[in-house]
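Hello,

Here is the structure we spoke of handing over. Please look through it first; my notes follow below.

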Amino acid sequence: MDKKDVSAEELSDATSLADARTRSRQAYLRKREEAKLADLKAELDDERALFAGARLTAREREAIALKEQTYALAAARVAAEAGAAAAAAAGGRDPAEPGADDGGGEDGPAAAGGMAAGGGDAVGLRPFGEGLASGGGAGAAAAPVPLVLPGGVSFVADAVGGLPGVEVLGAAPPPSLAVAAASTAGPGRGAGAPATPRRRRSRFAPDPGREGGTGGGDPAAGGGGAATAAAVATTPAALSPAAALQAERDSLPIAAYKAELLAAVATYPVLIVEGETGSGKTTQLPQYLLDGGYRCVACTQPRRVAAMSVAARVATERGVRLGSTVGYSIRFEDCTSEETVIKYLTDGMLLREFLSVPDLAAYDVLMVDEAHERSLSTDVVMGLVKDIVRFRGDSLRVIIASATLNAAAFCDYFDGAPLFSIPGRRFPVDILYTRAPEANYLDAAAVTVLQVHASQPAGDILVFLAGQDEIEDLEAALRERTAGVGGALGELIIAPIYASLPSEQQAAIFTPTPPGARKVVLATNIAETSVTIPGVVYVIDPGFAKQKAYNPATGMESLLVVPISRAAAVQRAGRAGRTAAGKCFRLYTKWSFTHEMEAQPVPELLRSNLAQVVLLLLSLGIDNLLAFDFLDAPPPATLLRSLELLYALGALSPAGKLTKRGRLMAELPLEPLMAAAVVASEAYGCSEEVITVCAMLSVSGAVWYRPKAKALAADAARAAFSRATAAAGAGRGDHLALLACYNSWRDSGFATQWCYEHFVQVRSMRRARDVREQLDALLDRVGVARATLADAPDGGADQAPVLKALTAGYFSHACQLTKAGLYRTVKGGTSVHIHPSSALYRTERLPRYVLYHELVLTSKEYMRSVSEIDPAWLREVAPHYYTEVDVDVVGASAKMPRALGRRA
DNA sequence: GAGCACTGC
């Protein structure tokens, strides 16, 4: 522990230690800024004197403009901080939690504006495990104050557990580094604070709306913030883009730690870096590493758009063409070249790279970003990385970047790797809890929306809901309740967003709210990480989300509405503090938050079918999966089931070794069942058709567009595709309907208009085309000959071979009709039902045998995407799986009236 | 007569 600036008593009290450190850090940062400002001013004055009256070249004018600009920004920031400090010293609530947006950080290039009036950028230690911290003095003032809005839900204000204006350390690190970062950054040379630069600021008229990113003004940021926004807005005319970018880079919180970060990376093979959104770690750290002499840096992202937009941002900052020295690599799109030295890629993409280069020899540094999200791929990447760090030795450096909440877990996992903390920038968000649990959170949400609309200052509202149905219900409820209310309140614009909403309609959430109106965005979890909605000041959080669960015993996945974790609640609240100070209304009690909600969400790895992961690990030579060092070990039952499945598919030998077939399957970016079907398709002469079906299945669920208003027309359009195949007997069902749908779209020349006419989602179809093209390209590699039924003697009239090939992959998903008219899985005997969305739902003659793509548990166990098969195929494609006994079962059900299921 | 949270290869 660093004891330099705290007393012994303070050390004994963790909380006051944290406060003391925060205060001392703030004071230090202010002093440093002031010193920098003084230097800059001196330089500027010199040059002004030098060039007075001279004719300047454009370049010289540009250089001076840059300095003026930098000075104005710094001056505004220092003024804001000084004001904040004064207010804090006066004992009031600290007003200076401004900070600007992202400075080009985690959420893509749109965030470019960010010259912060960064108030309490602070680094400090917090008691282990306590996420509280009300940045500086901010939340401290909040002894619970009841806030009763007219007409219903009653809230209690409380900042604890919420987002402070500035997030500080959430965990006690191996102390050396974090403390070093806090206490030794920058020499702080120079002396003599400059005069308060108010005169300068007045030169800029507020000009909201351009790159400042603060939209319609910025009440919380005070003078400093407004001046900053205005200053940035006036930048482009005066300043070269490159110079402006450099100024922005220098203003990011991380900029102060460049030297320390490089030193830490040089010292430790694995470094954990924690920093909030807006700290600049994603964009700057790879650049620092390059400057520090590392030759090639890879940085993983959980999402495609993030990889793309961050790469674009960094390319701009470095003044290079995207795809040259800075590039990105995502599925369907490799925007890199020989000369690429900073590469952003999705973590799934990195997993594929492991297949060809198991030790990632091309990279000197690997940065795993957003590790706190614990996505399936991130977790697997971390497991593999931990493995290769050992034998890459000094030739590989690893950085795990995470939000502040659970970074300590990564330190433990990587054998006590040190933690480096970088402050972020955010506006404060007041957290309000309900006094008592709400009986109906949807009603409560509706009432709260109206309460906010009626009683709170301007600012858009974001409501987090579990799914499309809730969104539609709430939208209807809000329309109903606002119908009678006239213009007195101002218009309430309702904008839904969820992933399967067509993109044209998604765009509505980005249209600026007209003056006097208020927008309320009804969103699923998509707004938690994937989409950032500008202008949101109020977040309403009912505290639920849909979450996937997996039962290894039955192999069934289900989607259940569950309470969110505290980490997710904090993330949601943060969505209110991106452009101004905000409020978050939690529709649950504070007690529930602290006592009932889990700290972190269950990692995806623990609630997923791992067949594909297991196949990947096996093909990387990791044989003993039960001993593989996962951050959180998945249930052994899940691993064993995966192994059994892979064995049944012929990917594993009886000895548990990967077979040649298994190795080929691993090359395909498909779940193993599907990969097996593709590999088998060669034997049936229909690889073209099978990859089409696979491509369509992999976007399934999102293919058919069914607006409530035109539900009947949409159903009819969909039925038309299955009718084309209905006469064919075995084979009728959803798989061939998907094939027919795709081929019909292809024959239209991939026309968008065709999609509208047939109630098909364009986005999904394009994605299916991408997947299909990728699979087509991989066929050679997997050694599957391209063949199509169109070349068959009958010209492709008999499509049964397609289903037969699919059966060769999905044979374990076969079901038979029982006498009672229900379906049971042939193996296992689980009762299942045809999903109402299937073409086979309520058909006149139920097929005796069906094959399903997936099983989902909702109100019942439903088979989704179902087709009729001939039971003889089962013995044909999987004699090792279906024994004589099963054949007996087959025979038994033949007692059924032949007309019911038998094809001609 | 039910439903597709969100990613990713």
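**Notes on the structure**

R397 counts as buried, because its relative accessibility is 7% and buried means under 20%. Please keep in mind that this is a predicted model. R397 has its place in strand β9, which covers residues 397-402. Leaving aside residues up to four places away in sequence, R397 touches V265, A266, T267, Y268 and P269, as well as Y294, D364, V365 and L366.

For the chain as a whole, the counts are as follows. Chain A contains 33 helices and 23 strands. Of its 904 residues, 54% are buried. Taking the contacts in chain A between residues at least 6 apart in sequence, 75% join residues at least 24 apart.

Next, the DNA. There are 32 residues around DNA strand B, and those that come nearest are R304, A499, K546, T858 and R864. By class, the surface near the strand is made up of twelve nonpolar, eleven polar and nine charged residues. Three elements each supply at least two residues of that surface: α12 (347-356), β16 (544-551) and β23 (861-868). Of the elements, α12 gives the most, with three residues.

Which part of DNA strand B do the atoms within 4 Å of the protein belong to? Sugar or phosphate accounts for 67% of them, and bases for the rest. Some backbone atoms of the protein can be placed in this picture. A backbone N or O atom of R304 is 2.4 Å from a phosphate oxygen of DNA strand B. For S859, a backbone N or O atom is 3.0 Å from a phosphate oxygen of the strand. P669 has a backbone N or O atom 3.2 Å from a base nitrogen of DNA strand B.

A499, one of the residues that come nearest to DNA strand B, is also touched by R763. R763 lies in helix α29, residues 762-782. Is R763 buried, exposed or partly exposed? R763 counts as partly exposed, because its relative accessibility is 36%, and that class lies between 20% and 50%. Not counting residues up to four places away in sequence, R763 touches S500, L501, P502, S503 and Q506 in addition to A499. With L501 there is a polar contact: the side chain of R763 reaches the backbone oxygen of L501 at 2.6 Å. R763 and V703 are 60 residues apart along the chain, and their C-alpha atoms are separated by 8.5 Å.

Last, the aromatic rings. The structure holds 14 aromatic pairs. One of them is formed by F628 and F630, is edge-to-face, and has 4.8 Å centre to centre and 75 degrees between the planes. How do F628 and F630 stand in terms of accessibility? F628 is buried, because its relative accessible area is 11% and the limit is under 20%. F630 counts as buried as well, at 6% relative accessibility. Elsewhere, ring pairs link Y433, Y588 and F593 into a cluster.

Charged ends also sit over rings. The charged end of K386 is over the ring of Y413, 4.5 Å from the ring centre. The charged end of R769 is over the ring of F750, at 4.6 Å from the centre.

Regards

Key. Residues are numbered from 1 along each chain as its sequence is written. Chains are lettered from A and ligands numbered from 1 in the order in which they are written. This is a predicted model: local features need pLDDT of at least 70, side-chain atom pairs count only at pLDDT 80 or more; totals for chains, interfaces and linings use all residues. Side-chain values use heavy atoms; hydrogens and water are left out. A residue is near a molecule or strand if one of its heavy atoms lies within 4 Å of it. A polar contact is a pair of N or O atoms within 3.5 Å; within protein, one must be able to donate a hydrogen and the other to accept it, and residues adjacent in sequence count only if both atoms are side-chain atoms. Helices (H or I, at least four residues) and strands (E, at least two) are DSSP runs, numbered from the N terminus. Ala, Val, Leu, Ile, Met, Phe, Trp, Tyr, Cys and Pro count as nonpolar, Asp, Glu, Lys and Arg as charged, and the others, Gly among them, as polar. Buried means under 20% relative accessible area, exposed over 50%, partly exposed in between (1.4 Å probe, protein chains only). Contact means heavy atoms within 4.5 Å. Rings of Phe, Tyr and Trp (its six-membered ring) pair if their centres lie within 6.5 Å; planes under 30 degrees apart count as stacked, over 60 as edge-to-face and the rest as tilted. A charge sits over a ring if NZ of Lys or CZ of Arg is within 6 Å of the ring centre and within 35 degrees of the ring normal.
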